[in-house]
Amino acid sequence: MRMVDGLRAIVTGGASGIGAATVELMRDEGASVVVIDREIDPDDLWSERADVTDDAAVRRAVAAAVERLGGLDILVNNAGIGAQGGVADNDDDEWRRVLDVNVQGLVRVTRAALPSLRSSSRAAIVNTCSIAATAGLPNRVLYSASKGAVLSATLAMAADLVREGIRVNAVNPGTADTPWVARLLAAADDPAAERAALEARQPHGKLVSAEQVAAAIVFLASPASGSTTGTTLAVDGGMAGLRLRPKA
Ligand code: NAD
């Protein structure tokens, strides 16, 4: 029996990185999946273009996805953007821009999808949060605040929806080897040294792979986790929970 056999899913930000790996694994595990992303292949019938900051576009894309899928069981809120800097480094416009995508984007898509999820007997929402929500990372105040909001919203949504049979969980990836991190590394003065520093920060000594995050998302979306709601699953090589002694 495949993990999400016969289920119908929307994955936001499914055109790249963690989202794309999630789409691939969900399809391998038997689900029908529509990607909602601001950058899609227009010839792909299983993709809908929408920027999650545009409520009307989100509603149109979710309605089109539900029609194509014939209903909806799974929503993966994964679209997100990064931000760098300390508390004084981003102006109000940048705060609004990042929160608009990472927090309100999740709200808009969930709001539009909720009526369809309510009709499913195996409804699940999985939000892509971050290690930045649970650990203080340098130079990430805005991004961390946005993912902290995702974490808290996940818990509150789980409480509101549990009696309706809709589970809500989140994954907390550590630094993952995706096009996003490749862009960050490319912009560094010494990309190899920056990559080595990011790898060393995670106790297992590597970057997380997009496929490993996808596996956690698919588990939380699947009926196998039917008694799991209001949790976050860290996929971070031990970064959130372990305290190692320095290497001798
Ligand atoms: P990515 O840049 O490879 O993919 C992000 C996708 O989201 C892209 O396809 C992009 O087009 C889409 N997207 C961005 N803004 C959008 C918008 N306004 N509307 C619609 N689509 C939009 O990034 P990734 O590394 O795969 O990150 C995916 C998620 O994982 C994000 O929420 C990110 O915060 C989270 N995350 C990433 C890492 C990491 O190290 N890569 C770590 C922790 C959490």
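**From helix α1 to the cores**

The buried residues of helix α1 are Gly 17, Ile 18, Gly 19, Ala 21, Thr 22, Val 23 and Met 26. Keep in mind that this is a predicted model. Helix α1 runs from residue 17 to residue 28. How far apart are the end C-alpha atoms of α1? They are 17 Å apart. Twelve residues at 1.5 Å each should span 16 Å, so the value agrees with what is expected. Just after α1 comes Gly 30, which takes a positive phi of about 100°.

Now move to helix α7, residues 210-221. This helix also has its length checked. Its twelve residues reach 16 Å from the first C-alpha to the last, close to the 16 Å expected. Which residues of α7 are buried? They are Ala 210, Val 213, Ala 214, Ala 216, Ile 217, Val 218, Leu 220 and Ala 221. A general rule helps in reading such lists. An α-helix has 3.6 residues a turn, so residues three or four places apart point the same way. The buried residues of α7 pack against α1, β4, β5, β6, β8 and β9.

Take β4 next. Asn 77 lies in this strand. Is Asn 77 buried or exposed? Its relative accessible area is 5%, under the 20% cut-off, so Asn 77 counts as buried. Leaving out residues up to four places away in sequence, Asn 77 touches Thr 12, Leu 106, Val 109, Thr 110, Ile 125, Val 126, Asn 127 and Thr 128.

Ile 125 leads to the largest nonpolar core. This core has 41 residues. Those that touch the most other members are Ile 10, Val 62, Leu 72, Leu 75, Leu 117, Ile 125 and Ile 166. Five elements, β2, α2, α3, α4 and β6, each supply at least two residues of this core. Which of them gives the most? It is α3, with eight residues. Apart from this core lies another, of 26 residues, including Ala 21, Ala 31, Val 171 and Ile 217. Ala 21 is among the buried residues of α1, and Ile 217 among those of α7.

Back in the largest core, look at Ile 166. Leaving aside neighbours within four places in sequence, Ile 166 is in contact with Leu 114, Leu 117, Arg 118, Ala 123, Ile 125, Leu 161 and Thr 229.

Finally, turn to the surface. Met 3, Phe 219 and Leu 233 make a nonpolar patch of about 210 Å². Leu 233 is found in strand β9, residues 232-235. Its relative accessible area is 31%, so Leu 233 is partly exposed.

How values were computed: Residues are numbered from 1 along each chain as its sequence is written. This is a predicted model: local features need pLDDT of at least 70, side-chain atom pairs count only at pLDDT 80 or more; totals for chains, interfaces and linings use all residues. Side-chain values use heavy atoms; hydrogens and water are left out. A nonpolar core is a set of buried Ala, Val, Leu, Ile, Met, Phe, Trp, Tyr and Cys residues joined through side-chain atoms within 4.5 Å. Buried means under 20% relative accessible area, exposed over 50%, partly exposed in between (1.4 Å probe, protein chains only). Helices (H or I, at least four residues) and strands (E, at least two) are DSSP runs, numbered from the N terminus. Contact means heavy atoms within 4.5 Å. Patches are made of residues with over 30% relative accessible area and no salt bridge: like charges are joined within 9 Å, nonpolar side chains (Val, Leu, Ile, Met, Phe, Trp, Tyr) within 5 Å. Accessible areas come from the Shrake-Rupley method with a 1.4 Å probe; for residues, only the protein chains shown count as cover. A salt bridge is a side-chain nitrogen of Lys or Arg within 4 Å of a carboxyl oxygen of Asp or Glu. The expected span of a helix is 1.5 Å times one less than its number of residues.
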